[in-house]
Amino acid sequence: MTRPHIVFILSDGHAAHSISAYAQALAEMQELTAQMQAKVGDAPYSGPDTPRLEWPTAR
């Protein structure tokens with residue numbers, strides 16, 4: 001899985017804290033996503049061949 005490139009441009013001393021907070025929030029979201037996917041039997045997206053539900057379309 002590729003990760004987006006995040007660029008922080010900060011002019012004050014909060015850069016290290018911001019990056020650390022981002023990394024912590026990202027890790028928490030990834031863990032929660034994994035837990036939710038396990039609960040419902042889902043799997044992470046692995047490309048165009050990833051199984052997915054076919055949703056009905058309005059006509």
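These entries record what I looked up in a predicted model of a single chain.

**Overall fold.** I began with the secondary structure, and for the chain I found one helix and zero strands. I then turned to burial, and noted that buried residues make up 5% of the 59 residues in the chain. For the accessible surface I wrote down a total of about 5,900 Å², with 61% of that area belonging to carbon and sulfur atoms.

**Glutamine 37.** I next looked up where glutamine 37 sits, and placed this residue in helix α1, which covers residues 15-40. Is glutamine 37 buried or exposed? Its relative accessible area is 16%, and because the cut-off for buried is under 20%, I entered glutamine 37 as buried. When I set aside the neighbours within four places in sequence, I found glutamine 37 in contact with Asp42, Ala43 and Pro44.

**Threonine 50.** I then moved to threonine 50, which I located in the segment after α1. The relative accessible area here is 12%, so I entered threonine 50 as buried too, by the limit of under 20%. Which backbone atom does the side chain of threonine 50 reach? I traced this to the backbone oxygen of glycine 47, at 2.8 Å. Not counting residues up to four places away in sequence, I noted that threonine 50 touches Pro44 and Tyr45.

**Reading the two together.** Going back over both contact lists, I saw that Pro44 appears among the contacts of glutamine 37 and also among those of threonine 50, so that a residue of helix α1 and a residue of the segment after α1 both touch Pro44, and each of these two residues is buried.

Key:
Residues numbered from 1 in each chain as written. Predicted model: local features only at pLDDT ≥ 70, side-chain atom pairs only at ≥ 80, totals over all residues. Heavy atoms only, no water. Helix = DSSP H or I, 4+ residues; strand = E, 2+ residues; numbered from the N terminus. Buried < 20%, exposed > 50% of the residue type's maximum accessible area, 1.4 Å probe, protein only. Areas by Shrake-Rupley, 256 points an atom, 1.4 Å probe, with all protein chains shown as cover. Contact = heavy atoms within 4.5 Å. Polar contact = N/O pair within 3.5 Å; in protein donor to acceptor, adjacent residues only side chain to side chain.
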